[in-house]
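This report covers selected features of a single model: a buried polar residue, the cysteines and a surface patch.

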Amino acid sequence: MLSLAAESQARELKHEDSSSSVEKSKELGHLYSDKEKVAVAVVSDTDDYSSVKVIEKSEDVALEILSTEDNPDLPVFTFRTVFLGLGLSVFGSTLATIYTFKPQNASVSQLFSLIIAYVIGTLMAAVIPTKGYWRYFNPGPFNIKEHTAIVIMASTASNVAVGMEVIAALNLFYNIRLNAAVAIFQIFASQMIGYGIAGVLRTLLVYPTYAFYPTYISVCNLLQSLHFSGSLNHKRRKYFWLVFAGIFFWEWIPQYPFPLLTAISVVCLIDNGHHAFIRNLFGGGSSNEGIGLLSFSTSWTLITQGSPLVWPLQTQVNSYIGMAIGYIVLTTTYYSNAFHARDLIFMSTSLFGADGSIYNQSAILTPQYKLNASALAEVGLPRYTSTYTISQICYNFSLGAAITHVLLWHWKDLKRAFGGMKFLRSNQEIDDPHYQEMKKYAEVPQWWYILLFALSLGVGIGCSYTTGEALLPWWSILLFTAISSVLAVCLGFIMATTGFSISITNAIQILAAFVHPGNPIAVMYVNLYGNSTAYQTLYMLQDLKLGQYTKLPPKATFAAQMAGSIVGSIFNYTMMISIVNANRAALLNPLGTRVWSGWNIQSVNSASVAMGALGKELFEYGKPYYLVAFAIFIGLAFPVPFWLLHRFARPGSWVAKFAAYINTPIVALYIGYLPYSVNGQWWSCVVIGFAAQWWARSRRPSWFKKYNYLTSAALDGGAQVILFVLSFAVFGASGNPVDFPYWWGNPSNLSVDRCALTE
């Protein structure tokens with residue numbers, strides 16, 4: 001038993017300032033035996049708001065809210081882990097592929113897999129006998145390490161590979177059907193290259209406290225609440241299921257019988273679809289309708305895209321600043337007729353001809369899919385909508401800003417990690433409580449990741465030569481993999497510290513256009529190595545951090561990610577082929593239908609043609625869209641004035657604080673963030689974001705620490721589950737859509753927010 005002195009000190013710690021609880025728990029370690037050591041809860045059970053410290057620094061969330069508790073004796077790879085891990089990997093990868101072809105920009109949340117795994121895993125532990133040979137199927141209570149391994153496996157499978165989108169674009173727009181085995185190996189190899197890079201970057205972007213990955217706090221908070229004992233966690237579990245049930249029974253209303261609730265715009269309701277200006281500025285309920293000014297949503301499926309409960313307030317404020325500028329820039333650009341914008345529709349990612357019709361890309365390509373110069377002279381150059389042009393400029397501007405931002409603000413961290421090649425060592429001296437708890441487990445050697453990287457790169461090169469003519473030459477694969485590896489460091493810092501992801505797709509493809517002029521297939525395939533590699537690196541880094549937070553042994557994390565990638569590659573491809581073959585006409589239509597849309601794949605194709613076949617004709621200096629390419633270099637200078645202000649202003653002054661608060665890559669990207677899909681949710685994000693990350697965090701810190709991230713988990717989970725049910729029951733994922741009868745809240749001749757005529 002614990003000594004009386006230890007019990008007394010532990011009770012006192014419960015009400016101490018939470019910022020010192022981790023250190024004090026270490027001081028108590030000598031009072032416990034090895035088997036009796038416990039982690040003192042980071043969050044107090046008190047409801048006295050005045051006694052709870054407000055979380056000031058964003059990275060302190062991981063120390064204040066997540067416990068360092070660990071039991072190294074818990075089993076990891078059990079029958080439940082394998083059964084549920086593989087089953088949910090199949091399930092998640094299938095569902096994620098379906099969402100890729102939906103009008104809404106939805107995704108499969110980790111929390112969806114987490115909840116399903118908990119329900120089934122707990123049920124299996126309760127009903128399967130534990131005696132005799134049955135103990136191999138049920139070794140005891142369903143534990144947090146089994147659960148985490150399942151979640152990592154399923155979420156890895158659910159991250160739709162860029163390779164799948166590229167293969168779908170080849171099928172739809174070029175009628176090129178790759179051999180199934182080649183396609184699957186290509187998808188898997190591109191993911192594993194990113195995994196190899198992620199492993200090498202652990203010292204920089206996983207182990208330290210500053211790399212806290214805000215969007216993963218809610219996942220870890222839920223896992224600990226479900227599996228750790230104590231009265232507080234009992235309250236949390238009850239609270240979680242109440243919120244989960246509430247959103248489950250609510251979300252089907254805006255999603256199915258009353259879609260007007262997905263985007264409520266008073267201006268649109270008054271106008272009722274009569275004026276194009278109103279639709280363009282205030283519409284946001286349907287794909288490519290408008291930019292959604294003052295449009296509010298009650299659908300959590302859409303609201304959660306802005307992560308208002310989990311993104312740090314600084315991240316959200318910077319995104320709102322960018323969006324506010326975007327309303328002005330996008331509208332002014334269109335109505336001033338920049339880029340001859342008024343000849344085309346307001347929003348679309350498709351390519352258009354001079355007359356406003358869909359561009360006939362096949363007319364300018366040879367049978368070998370190379371540029372036909374004489375045909376181009378007759379057909380003319382393609383055109384982008386002005387909003388899509390601005391979006392590409394801002395995305396590239398943001399990338400340039402991200403590179404400089406990381407070099408200026410994180411130079412010391414970079415020097416510490418890469419100086420003397422320290423990153424090649426697995427075990428590091430890093431002062432982070434979660435990392436220190438992980439040192440009892442054997443690390444994955446760096447050479448595992450390096451070998452995985454090399455083998456995957458070889459497989460990728462081999463697959464690109466299986467069609468007779470190289471889809472992408474070997475030297476280009478090496479070049480863009482190297483570029484992506486460098487960019488992954490910059491993107492990783494932004495993701496780890498703000499929760500925000502920056503797109504590099506346009507920048508990579510423009511660079512590819514100059515490396516492979518007149519070759520759209522090569523430019524498209526560059527995505528697998530210049531784009532996919534960086535993003536797979538980010539996904540893998542986040543899962544490695546999840547393993548650290550939940551104390552999953554590193555080799556178990558490695559195995560779970562590998563298994564999830566294999567399953568995901570197989571089912572990404574098989575489900576994609578099924579959808580493409582069954583819904584080709586809808587996927588080729590720029591507007592799609594309410595059930596199916598090819599907007600994701602259309603953007604891949606548009607980039608391959610415009611940047612691949614016509615890169616120099618469109619993006620060289622003096623050509624129509626040269627600013628898209630040169631925005632990268634202009635963006636390099638964007639963070640410098642703010643850094644200089646912070647560097648030379650009086651420390652602690654409002655000028656220094658303001659300069660440090662502005663995150664230029666986020667501001668830049670959000671200026672052009674709106675010209676995609678549905679935009680009816682952003683003003684709801686503003687309200688919820690300030691309510692949670694400002695009011696609750698500063699005025700109700702006890703509630704914030706106990707329930708804010710758990711609320712996000714419950715809302716995400718309930719919304720994901722009901723959306724899955726609706727997808728197969730009425731939205732046509734099973735092949736038989738069932739439309740709800742038309743009425744005022746579900747109009748037949750208007751968009752869902754009654755802002756645009758559809759007939």
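The model is predicted. Q681 sits in the loop that runs between α31 (664–671) and α32 (682–699). Q681 counts as buried because its relative accessibility is 0%, below the 20% cut-off for that class. The side chain of Q681 makes a polar contact of 3.4 Å with the side chain of Q305. Apart from neighbours within four places in sequence, the residues in contact with Q681 are S297, L302, I303 and Q305.

The disulfide count is one. C268 and C755 form a disulfide, with 2.0 Å between their sulfur atoms. The angle about the S-S bond is -60°, and the link of C268 and C755 is left-handed. C268 belongs to helix α12 (residues 266–271) and C755 to the segment after α33 (701–729), so the disulfide ties together parts that lie 487 residues apart in sequence.

Relative accessibility was computed for both of these cysteines, and likewise for C220 and C685.

| Residue | Relative accessibility | Class |
|---|---|---|
| C268 | 0% | buried |
| C755 | 1% | buried |
| C220 | 1% | buried |
| C685 | 0% | buried |

What forms the nonpolar patch on the surface? The patch is made up of F79, F83, Y133, W134, Y136 and F137, which together have about 730 Å² of accessible area. One of these residues, F83, lies in helix α4 (residues 79–100). F83 has a relative accessible area of 47%, so F83 is classed as partly exposed: exposed would require over 50%.

How values were computed:
Residues numbered from 1 in each chain as written. Predicted model: local features only at pLDDT ≥ 70, side-chain atom pairs only at ≥ 80, totals over all residues. Heavy atoms only, no water. Helix = DSSP H or I, 4+ residues; strand = E, 2+ residues; numbered from the N terminus. Buried < 20%, exposed > 50% of the residue type's maximum accessible area, 1.4 Å probe, protein only. Polar contact = N/O pair within 3.5 Å; in protein donor to acceptor, adjacent residues only side chain to side chain. Contact = heavy atoms within 4.5 Å. Patch = residues over 30% accessible without salt bridge, like charges linked within 9 Å, V, L, I, M, F, W, Y side chains within 5 Å. Areas by Shrake-Rupley, 256 points an atom, 1.4 Å probe, with all protein chains shown as cover. Salt bridge = Lys/Arg side-chain N within 4 Å of Asp/Glu carboxyl O. Disulfide = S-S within 2.5 Å.
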